[in-house]
Amino acid sequence: MNTRTLGKILGALGLVALLSAPYTYFVTTGSPWMAGAKAGLGLLLLGAYFATNLGEFGQFASRRSTFYLASTIATVLVVLAGLVAVNYVVARKGKSWDLTTRKIFTLAPQTKSTLGSLREKVRAYAFLAPSDPDYEQVDRLLQRYREQAPDKLEVVFKDPRKAPDLAQKYQLREGQTTLVLTRGSGDQENHTTVSVSGGVTEQDLTNALIKLSSVGEQKVYFTTGHGEWPLEPTSPKDPASLSELKKTLLQEGYVPGTLNLADGKEIPKDAALIVIAGAWSKFGKSEAEQLAK
Amino acid sequence: MRNALAIARKELGIYFSTPWAYVVFTAMLGISSFFFVNLLATFKEVQGLARVYGWARLPPEYGLFKNLTDGIVVQLWDVIGVITLFVAPFLSMRLFAEEKRNRTFELLMTAPVRPWEIVLGKYLGGVGVIWATLGLTIIFPITLSLFGSSESGTALEWSTVALGFGGLLLWGATCLAVGMFVSALTESQMLAAFLTFAILLPWMLLRGLAQSAEEPWRSIANHLSFSSQLSTLSRGVLDLKALVFFLSVILFSLLLTHRTVEAQRWA
Amino acid sequence: MTAMIEVTGLGKRYRDRVAVENLTFSVPEGEILGFLGPNGAGKSTTMKILTGYLPATSGTVKVAGFDVFEEPYEVKRRIGYLPETPPLYPEMTVRGYLKFVASIKGVRRGQLTTELERVAHATGVSEVLDRLIQNLSKGYRQRVGVAQALLGNPPVLILDEPTEGLDPSQRAEVRQLIKGLAGQHTVILSTHILSEVTMTCERVLILNQGRMVAFDEIRNLAHALGGDQTSLEDIFLKLTAAA
């Protein structure tokens, strides 16, 4: 066996090592060092191939073959870009036909209308480990929802063990498999949860969506002007405020606001609740009348 | 086109005059009947349990076995998809590698045949033989429909079964396109088979990688994974994106093969 | 007579080795040209370039006025080629093989059978038509290779050692066959059996280490190198030793 053949065999082994390195990381050991070492070994072996077989490449060094190589690379890249574009468009806007007799892969009309009436982008966090027995089922169901409304629904799978901060944010218990639907961001974020064990039904998921989209319509007003607790701290020296309550309300899907009835304003129609938090002075007559309504 | 057909006919003739095709047929039928019998046994067992305890009290994953289509055929198609992955490299390896070693490549390249006709002809011949291999497995659903029964009409949902089978044919054609490209790169058939396998297997398993990746990589890996795309079809959903994906891989492999064959004339 | 094959400044370089260097010659229509030279002189490489199988590093080749690189399809339609190893599929029968070659060479379906019979008869493979190629003797394989080149009756034939592996009587037959092609066909024939060239060709081209050392009628070469009685063998040895 000459060096060139040996180089070819090493190169083939290197290719295998390189291609399988991501699997070492994600599927088997999960150690980035092992995967990195494997990829490095693969590159080294491939390098051995190129070093021993360099002569074969020198053969292509005429002007005509350089042109051929360049035009081939260009053609291949253009075709590849075209195919990627087509795949991207079809993956986002593509159609699919459910050919099963009982239409088990078709969403119910109610789900479709719920998805159609979503006004804001909804993000679905699925807190499931890839090894979870329900992973497949949840993945498929969410995928069908997303295909129905690609612009309105974003699906994110999280391994709860790998994302403890998010799990804590949504108050998940250890080992709990949950689907969290959220909308809005920052302080304006609302969420609702669906428990996953033994899978999620379309009904559960759609109901959760309906619940999520109905929250946030309701407002809670805090009266001001009578020495009530402020919603936000007024000065750093005086931290006494209702900011914790405000946060909780937001998470529960209420929108807190302030209301000063002193200048004869009427109570807004969207007020679900009016809170008088520790007023020091009396309400004026008109104010009292307004509240009495 | 006439040349391409002549080459395809020649390929098929050679496949069927060597023992290779028959070895592959036997392997395919042997391994898939083993799984078929196993699935049948599980199906019977679960049905028996259901009769005693009722479906409601069985674990939810047993729900698959309520009917023959989901309980047996859909799962069998998945298994055959995996067998195809192992079988296809052995069918595709000789397409170009053997011509090169036999020096018959010289005949094809000096005959008045355009390179795309050679590529297309070889591809059609190869697809013919892999479809023949996969075609044998249609006997399993036929057996079921002859001897099986169901509470609602026919024993099998033929639309689901046929779509899954169509998906398998498409998958076979995809494996073969990739294998043909690898075969055009080398003179050694064993190396061609080995490399084809080394490319197809990780590609098929991409889904496992997708599950632990973050968005958007998760979606991309899922889209690129053969098994995700194939399982959509085998479950009875005719999804445009799966068709487009498989056809893209085939087209791209054919292009690469064409450029490799054409390179002979240039370098 | 117009030149059927025109080669100008042809060169072929492999990685570190020059196979053919600056080769210029032309073959008029209907002539049989002998290609001579020791092993590794570049005969086969030149033939592969003429048929469009290999690209030249430099220079041009024209067959019937078509450039082999620019219009390979037109050139390939006009050439019948027997490579140094006959390109045979061992799993096929002779008949199946010849039918396949005829169809990719553009022989019309209606004429396929008659064309096949003609070629099989001319090369003496009629009696083995239904046998598998892998079971044939070396002589028969070689003749099937020649038969394949003749299919479609191409105006140009490029034959790389067509009599290789044949016994003397078969050799004579093939020689006769090639001689009969003169006039209608332009033939380039390579061989290392010198007597063969004297019997079939008018002119010879002698290659040594990739270079052309002689290109003339055998008669003239003999005359130039020491009298009319000089055999081709002497000429060959003298020329290849000198280089």
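1. Let's start inside chain A. Helix α6 of chain A, residues 135–148, lies across three strands of that chain: β2, β3 and β4 (178–183). Against β3(A), the helix runs at about 160°. Bear in mind while looking at this that you have a predicted model on screen.

2. Those strands belong to an open sheet of four in chain A, and the order to trace is β3-β2-β4-β5. The pairing in this sheet is mixed. At the edges sit β3 (153–158) and β5 (190–195) of chain A, each with pairing on one side only. If you ignore direction, neighbouring strands here are turned by 20° against each other on average.

3. For a closer look at one pair, take β2 of chain A (residues 122–127) and β3(A). They run parallel and are joined by six bridges. A handy place to check the register is Val122(A), which stands opposite Leu153(A) in β3(A).

4. There is strand pairing across the chains too. β1 of chain A, residues 96–98, pairs with β1(B) in the antiparallel sense, over three bridges. To find the register there, look at Asp98(A): its bridge partner in β1(B) is Val237(B). As background, strands of a sheet pair through backbone hydrogen bonds, either parallel or antiparallel.

5. Now the contact between the chains as a whole. How many residues does each chain put into it? Chain A gives 46 residues, and chain B gives 46 residues as well. The area buried between chain B and chain A comes to about 4100 Å², with carbon and sulfur atoms giving 62% of it. On the chain B side, Gln211(B), Arg259(B) and Trp266(B) supply 16% of the area that chain B buries against chain A, which is more than any other three residues do.

6. What about the polar side of things? The count of salt bridges between chain B and chain A is zero. Polar contacts do turn up, though: ten residue pairs between chain B and chain A, both residues at pLDDT 80 or more.

7. Which elements of chain B make up the side that touches chain A? At least two residues each come from α8 (158–185), α9 (189–204), α10 (206–211), α11 (217–224), β1 (237–239) and α13 (240–263) of chain B. The top contributor is α13(B), with 13 residues. By residue type, the side of chain B that touches chain A divides into 22 nonpolar, 13 polar and eleven charged residues. So much for composition; set beside those eleven charged residues, the salt bridge count of zero between the chains is something I'd keep in view.

Note on methods: Residues are numbered from 1 along each chain as its sequence is written. Chains are lettered from A and ligands numbered from 1 in the order in which they are written. This is a predicted model: local features need pLDDT of at least 70, side-chain atom pairs count only at pLDDT 80 or more; totals for chains, interfaces and linings use all residues. Side-chain values use heavy atoms; hydrogens and water are left out. Contact means heavy atoms within 4.5 Å. Buried area is the accessible area (1.4 Å probe) that two parts lose on being put together, summed over both. A salt bridge is a side-chain nitrogen of Lys or Arg within 4 Å of a carboxyl oxygen of Asp or Glu. A polar contact is a pair of N or O atoms within 3.5 Å; within protein, one must be able to donate a hydrogen and the other to accept it, and residues adjacent in sequence count only if both atoms are side-chain atoms. Ala, Val, Leu, Ile, Met, Phe, Trp, Tyr, Cys and Pro count as nonpolar, Asp, Glu, Lys and Arg as charged, and the others, Gly among them, as polar. Two strands pair if DSSP finds at least two bridges between them. Axes are lines fitted to C-alpha atoms, for helices over the stretch in contact, and angles run from 0 to 180 degrees between N-to-C directions.
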